[in-house]
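Visitor: Could you take me through the salt bridges here, one by one, with the cut-offs spelled out?

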Amino acid sequence: MSGLGYYPGCSLSGSASEYDRSLRAVAGQLGVELREIPEWVCCGATSAHAIDHNAALCLAADTLAKARRAGLTEVLAPCAMCYQRLAVVAHELKQNPGIATALDEAPGLENIKPLSVLAWLNNGVSDALQAKVTRSLTGLKVACYYGCLLVRPPKITGIQQVEAPRQMEQLVTLLGGQPVRWSMATECCGASFALSQKSTVLRQGRQIYDAARKVGADVFCLACPMCHANLDMRQGEMGIPAEAQLPVIYLTQLIGWAMGLDATTLGLDKHFVPTAGAFAKEKS
Amino acid sequence: MTTVSQTLANLVHQRTGTRPLDCYQCGRCAAGCPQNVPGEMDISPTRIMRLLQGETAFPEKAVEYARQALTAETPWLCAGCQACTTRCPQGVDIAGAMDVLRQEGLKRRMTATTKRVRDIQALHRTFLNSALRHGRIHELFLVIGYKLRTGHLFQDAALGPAMMAKGKLHLLPGKSADTSRVKTAVERLKTP
Ligand code: SF4
Ligand code: SF4
C-alpha cells in the first residue's frame, strides 16, 4: 500500500484549518504521503446518530467505501468526532451486512480501518518522529486533554486505560514537554451543544480550565476541533481574564513546533488565545 | 396513528446488543454524567434505565413508562460523551439507549417540547439536512440555517466576525460531495 488514507472532515476543511495544515506539515516531515479520500462525505457528527440511525450509518459507510475504491486500507481521521463515527460504523458493518448492500457495495467494508491521530503517531511513526525533534519543549507544562470520543467507548476505540490514557502524554514527553497530572483529561467539554445549549459548554469548559490551571499547566494540548473551538474561543465568556487564559494547541501543532516548523505554517497565529507566550518560555 | 409494536427496551437491545433489564440501578451512569446536574437533565440516566425496565416488567403500565422516558428532556440534553456506556458495570449501552429514545421520540411525535429541546432538535435537523444535501457541512451556512430556524439571531453575534478575522469562518462554501448513494441507501434501509 502506498500512502495513508486521509479524511479531513468538515471542521478541518473549515474553522479548524490549522489542525489540517499542521497535520499535513508533520506528515510531510515524517515522509508519510496522505491521500485524501476522493468525494468523502460528512460523517454526520452528533446530529445524524441523534435523530436518524440509518443516515448515521450510511454517511460514514459511504466514506469507507470511497476509501476502498481508492485502494486504501487505513484512513486517518484527525477529528475525534469523525474518527469515532467511522470507527463505530466500521464496527457496525461487521454485525450488519445490510448496510453495505444498501449502498450497493461488496462485503468487506468493515476491513477498512479508521485511525485516530493518536494511533497513527504512537504506533506507526513515533521513532521517525523522535528523530525529527530539533526544538525541545523543555519546561513546557502540558495538560493533555483527550475529551470523549478519542478514547470512548473502549469497545470501539480499543484504548486500554480508558479513564487514564497515556498516549498523548507519551508523545509530549518525547517532544521534551512535561505533561501534568490532572483530573479532567477525559471529561466531556459539551461541544455538541456549542450552538444549541451554551450553558453546558461554558460550565464544562470552565471546570476543565480550572483543573488545568490548578496544577500549573501552561497550555492545553488536544486533538479535537470541537474541544478546540470551545476552549480556545470561549475562555473570555467563561469569565477568565485575558492574562490568565491558557493557549489551546493541537497535538500536531506542538509536534510541528518541536520539529522546528514556523508558527505560520502551523497556523499558530489563528487562535483566539495567543500562543506565542507559551513557546517563548521554552526558549529561555 | 401508527401502532407501536416494539417496546423501547427491545429496540435498545436490537440496536446496541445490550439490555436495560441488566441494569441494577447502581447509579454510576448518573454519577459520571456531565449533564446530570441541576438545570440540565430533568431525570437521571439511571432513572431512564428504570423506566425502560418498568416498560418491560409491567405491561399494563408500559405505555406510561415509555411516555415518561420519551418526553423527558434527558435524551436531548445527553451530550453523547459515552462516559456512562464506558463505565456501566453491567455493560449496558446507555448512550446508545439515548439515541434510540431521541429517534423513537421523533418518530412517535412524543418528545419534550421545551424551548431548549426544540432548539437542540432544530440544530440536529439543520445539520443532518445539510450533510445529506451537500455532502459536507459549511459552518457559516449551518449557523445561519440554525438561527433562522430558532430565531436566535443575535446569540454569539460577536463571534462570527472575530472568527472571520482569524480566517476560521469562510463566506463561500468549499467543495460539496455527491450523496445520491447515501440517500438511496437510507431509503432502502427504511423499508426492509
Ligand atoms: S451504570 Fe449501568 S447498572 Fe449502573 S445504574 Fe447505570 S445502567 Fe444501571
Ligand atoms: S453519554 Fe449522555 S447520558 Fe451518558 S454520560 Fe454522557 S451525557 Fe450523560
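Guide: Happy to; here is a walk through the salt bridges and their surroundings. This is a predicted model, in which local features need pLDDT of at least 70, side-chain atom pairs count only at pLDDT 80 or more, and totals for chains, interfaces and linings use all residues. Residues are numbered from 1 along each chain as its sequence is written, chains are lettered from A and ligands numbered from 1 in the order in which they are written, and side-chain values use heavy atoms, leaving out hydrogens and water.

A salt bridge here is a side-chain nitrogen of Lys or Arg within 4 Å of a carboxyl oxygen of Asp or Glu. Over all chains, the count comes to 21 salt bridges. In one of them, A:Asp62 pairs with B:Arg181, with the closest N and O atoms 2.8 Å apart. Because A:Asp62 sits in helix H4 (residues 53-69) of chain A and B:Arg181 in helix H11 of chain B, this pair joins two chains; helices are DSSP runs (H or I, at least four residues) and strands likewise (E, at least two), numbered from the N terminus. A:Asp62 is buried at 0% relative accessible area, whereas B:Arg181 is partly exposed at 25% (buried is under 20%, exposed over 50%, partly exposed in between, with a 1.4 Å probe and protein chains only).

Within chain A, A:Glu105 and A:Arg69 also meet in a salt bridge, 2.8 Å from N to O. A:Glu105 lies in the loop between helix H6 (98-102) and strand E4 (113-115), and A:Arg69 in helix H4, so the pair ties together parts 36 residues apart in sequence. A:Glu105 is buried at 13%, while A:Arg69 is exposed at 54%.
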